[in-house]
Structure formats: C-alpha cells, structure tokens
Amino acid sequence: MAAAVIETCHVACCANRTPNVVSWGRGGTIAYGTCNSVALYDPEVGQPTQNNFVVKVFGFLTLTHSGGELLLASCSQDSLIRVWRLCAKSGTDTHAEDNHSIIKMKEDIFEVKERDKSSVYAVSLETVLAGHENWVYGVHWQPPLYQGGELQQRLCLLSASMDKTMILWAPEEGSGVWIEKVRVGEVGGNTLGFYGCQMSADGSMILAHAFHGALHLWCKDLDKEGEWRPGVVISGHFNAVQDLSWDPEGEFILSVGSDQTTRLFTPWRTQESKKVTWHEISRPQIHGYDMQCLAMIGRFQFVSGADEKVLRVFQAPRNFVENFANISGTSKETLLTSCDSADLPEGASTPALGLSNKAVFQGDLVPKNKEEGEQFNRVSDQYQESYFHPLNLTEPPPEDHLLQNTLWPEVQKLEMLTSEHAAVLLWSTTTWRQLQVLPCHTLTVTQMAFSPDAQLLLAVSRDRTWSLWRRNLPTPESPEPLFSLYAHTEKDTAIHSRIIWSCDWSPDGKFFVTSSRDKKVIVWGPCSLDSGDPVLPPEIKPCSSILDVGDSATAIAFCPVLCSNDSYLLAVGLECGRIRLYRWSPGSEPAGDDWSCCGETDTSQSHTLAVKRLRWRPKTGRAESEIEEESSWVQLASASADHSVKIFNINKRAL
C-alpha cells in the first residue's frame, strides 16, 4: 500500500517476552531481543523500526582489546564480576614461570595447535569486582570509537544486576586498580532487577532492560560533571493488549492488557526538535488480575474490567492533569476547570496487599512535625503509608515513576451480584447504582456499543446472534434510563455461522456492522427511531452484501466521518494481524458492488497476532499536530495480542 494512504505514526510495545539481550548500534539505534525476536529502536524516531526472528542469545561473557591483549569479563549468580586477561606467550615467557622471585598473578597456560603450528596462551585473573548485591545478569565493554582517524578503545565496563542497579567500572589512573565510577538504578518498588545492559560508543548513554521488558536509559548530564539523569525511552504492554479507547477530545489513548496494567499514551514534542512521538506518561492502574475491557466515561474518568466480578472506576488526580498540560502543551487552567479541581486528590497509591488505588490528598503529603521527645500514638505513625510523590514533569517519566507516582485513585467499585448468565448489566454513572439486567443471549457477550445518540444499545455474542435494546422514555416511577429489547436475531434467522467478535455503529446512527470468525462482515439497518410503530418490532435486516474478508474478522470500526458520495469507511482487523480499509456505499447495484477495498496494512505495518480492538480518533486531524488540520486526515488506533498498540495516520483523499 502506498505510504500516502496509511502511515504508522506510533508503536507502543515491550518485547513479546522477557528480553534476553540488548545491543546498541552505531547511529544511536537500540536492538533488544527475546527468545524469538529482535527489534530495533531509533531514539530519533521514537518507535521500533524492524522485527526479525533470531535464535536465543545469552550474553554473560564479553571481550575487549587492550594493548594487544584481550580482556574477558564474566558475571555470575555469586554477585561478582571477574575480568580475565588473555595474552600470547613466547617460549622465553613460559620459562620465566619458574622464577619464583617475581610476584605476579597466577597464569594458566594452554597450547593451541593448528596443523603444523602451535601457539601458547596465558590466562590470568585481572580483577574481581564486588559491588552488586544480587545476581549479575549482564556485562558490556564500552565499544571502540574512531577519534582522529584511529580506533580507540577505552577501558570501561558496564554491569547490570537483579539488585536494580547498573555500575560503570574503570581502572584508576596511576594505580590501575579497578573502581566503581558511576552507579545508577532504581530504589524501592516491587519489580525485579535488570537482565542486561549496553553502553553507547561515546560513553554518554547507558541502557538496561528489565524482567517485564521495560527499558531504562541514563544519559550523562553535560551541565553537571559526573551526574547522570534518566532518559526518555519507549514503553508498552508486555502481554496481549485487550482493549483501548481515545479520550473524548482525542488527545490521549488508554489501553488495558493481560499484563494487568492500564496505560496512557499521548504525543510529546521535544524541546530540541520539532519531532513528535507518542509516549506513556501515566500508568493509572496496576492490577492483580488480567485486564479485559475499558470504557471512557469522561475526559479524565474511565471504567475498567478484569478477570474478577468487579468493575473499577478511576478519576485522574490533580498531579496528572498538571503534568499532562505540561507535556501536551494544553492550558493547565482549562483542564483543571473542566474536571472540578477543588475536590481532586493529588495522586494515588496502592496499599500493601491491596488491589484498590487509594487517593492521596495534599494533607497526606505533609510530614508530621513531632517535637523532640514526643511519642508516636501508634507504631504505624512512624511510617508513611503513601508511596506517592508529586512530580513536575516536562517530559515522559521513567519506569520507576510510572510504577509508583502516576496511579489514578479508584473512586468507585461496581460489584456484579447478579447470577444471570450472558446478560447485559446497566449502571448509572451518576449514582453508580445497577439499574437493569438485560437477558437475551445464551453465551458470552463479546462486545457492546451505544448508538451515537445513546438511544440504542447493541450487543453481540458467542451464540452467533446480536441484540438491540431501545432506551425507554423516563417516567415519574423510573427517572433513570431503562432499556427494552428492540430487535434481535435468533439461531434460525442469524446469518453469521460462527462467534460474532465485534460490532460498531455508523457515525449517523442509521446502521450497525458486525464481524465474525466466519470471515463475514455485515451491515444491518435501518435503525431510525423516528418512523414506525414503537409497539411492533422493527424490520432490521442486512443492508449490505456479505463481505468475505478472507480471515477471521476479530475487530471492526466505522470511521466517524463520511467519505465522498456519502459512503462509509470501515476498518477491519483480522486474526492474522492485518488491518483492511473498506468503503461501503449503501444502495449500490448490483449486489456485491457496494464494497470496495481501498487500503491494507503491509507486512511492516501489520500486527503479528490477532487484532483485538480498533478505535478511530473521535476528531479529524492528527493528535500530534499543533494546528487544526483539514478533515482529510484521520487516525486509527489498534490493539493486538502481539502486545502492541499502533496508531495509523490515514489520508482519506488518497484512498
């Protein structure tokens, strides 16, 4: 497909499994690999650039040159690093071994024979480096660098450990004793340590990767000698991404995944350049169950569901709203006014052994000033329960801050107490009270969607049928909105022969679409409530020819704006990972001519596993653009079982 039609503007993901090795290439490109793949990441581009399958690699040994000799560094589970010196030996050197008047390290001499020639080598222990407090999983020499036309090798060794630290080692000038030069890492938290490390050729950046795929970058501070600061890297889910949603203004994306996290991504423009890249700036929820679904119910409020019989409602704290304004360039006063900032907590923290994010208010952050000699009333008064610390961010935060200081407080818990099987449950977002149970299906409801005017509710199920529910007029006895069954398909009237995975509404609310494992996509309608007898069931039938997409259609979405000639643009996500764009023209004759394929992701743009969710940006234009763009550009976000969230720029005029 032509690049002018679909552009991949963002990829957010961690390695499909725990990375085993990471490497830093010339030009600033980072390569990180797992047991089945390797990916290249360009910090200038801000996203992975290539993905190839390779054999699993373990990097516990690394070599470097030093004055014609070789230095070999090894690390182990004994928390120690050993540096070995390898050198070639001549015949006179081997006889000097008998001179006991010379004090030197013991050498192990071995001979290598190749055809008629033999060479003698000696191995001696150069130094033992003790500084880590847990297993050391990676060591890496500083790569050689050309200076003045000559290849120069600086003796500097980087180590990474499960104690969440990286150490730069180098021999001291004069004595030659190896000492610790720099130590960086994380303090606190409940994560495991580092699995590997890499250093840039000029020694100005060091990189580590952790158990859950997170990258940790530190850059040398050019203004302060000897100091290092955390750098901005990519991040993402480390398991299947199940659902995602745009905020109502289309400025950020929330996603949930089987890695038990909810993550928030937004565009960020660097101060040095005009390039805009998407980054994770908040991790509102870190759960104990695999996340399954998500729905935005306001600008800074969402509901999430996991593998538990509870829905949890979260609201953004004041610290996030302020940092979001700083990073996105939005007016802080406007955002705070829109979310009633008077009652907002500062942040949130998760108590020990708890699943609910507890709100942290300004008063909780003020330390108690105890006069000298005054006793604490309780033992717990000596320790702060909150781990939250307010941040003042102008760039995306590093991993340790994402884990601890970007949580959103949980404001409501919705427990599902009904014993109904495969039913739709309705809740009020004002009183948070369960209003209704809508039974119709016999198997799991896979997806639901409200019509644009919120008067109709569509549900699709594993039982291969769909149900349509109509909102009743309020009465004095029931002021809350209640729904009644409006139309549905049964086993004898259903067209889909396999599970219906996804559904969506057209932007004008006249039609809805369903997609199934049977590779079929069908548009249904008309769904107008203005005509017909409300007592009699409406005749809702297929309005399109049956579209065979060639693979299980796991996700589908109507574009929120119409194309030329009042045709509709649909995105279809397939089980193979591809995303196809179709234009549907109602009323086209003959049958079959109403569908036209107008775009498809190529191999580099497609996901590698099933597409789980597709969502169009609610507004035209691109979220990362500083100016209002013309309506020719639209953005599509996709979530996949391959652990990634992708955002595509689509030019409707080029379709």
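**Internal cavities of the predicted model**

Strand 24 (276-286) and helix 5 (399-404) each contribute at least two residues to the lining of the largest cavity. The structure is a predicted model, and a search of the whole of it identifies two cavities of 30 Å³ or more.

The largest cavity encloses about 100 Å³ of space. Its lining comprises 14 residues, of which V233, S235, P397, P398 and L402 lie closest to the cavity centre. Classified by residue type, this lining consists of nine nonpolar, three polar and two charged residues.

The second largest cavity has a volume of about 60 Å³. The residues lining the second largest cavity are I281, S282, N319, F320, N323, L391, L393, N405 and T406. At least two of these lining residues are supplied by strand 24, and at least two by helix 2 (318-328). Helix 2 accounts for the largest share of the lining of the second largest cavity, with three residues. In terms of class, four residues of this lining are nonpolar and five are polar, while none is charged.

Strand 24 thus appears in the description of each cavity: at least two of its residues line the largest cavity, and at least two line the second largest cavity. With respect to charge, the lining of the largest cavity includes two charged residues, whereas the lining of the second largest cavity contains no charged residues.

Key. Residues are numbered from 1 along each chain as its sequence is written. This is a predicted model: local features need pLDDT of at least 70, side-chain atom pairs count only at pLDDT 80 or more; totals for chains, interfaces and linings use all residues. Side-chain values use heavy atoms; hydrogens and water are left out. On a 1 Å grid over the protein atoms alone, a cavity is a set of points where a 1.4 Å probe fits but cannot get out, and a pocket is an open set with protein on both sides within 12 Å along at least five of seven lines; lining residues have an atom within 4 Å of a point. Grid points are joined across faces, edges and corners, and a volume is the space filled by probe spheres set on the points. Helices (H or I, at least four residues) and strands (E, at least two) are DSSP runs, numbered from the N terminus. Ala, Val, Leu, Ile, Met, Phe, Trp, Tyr, Cys and Pro count as nonpolar, Asp, Glu, Lys and Arg as charged, and the others, Gly among them, as polar.
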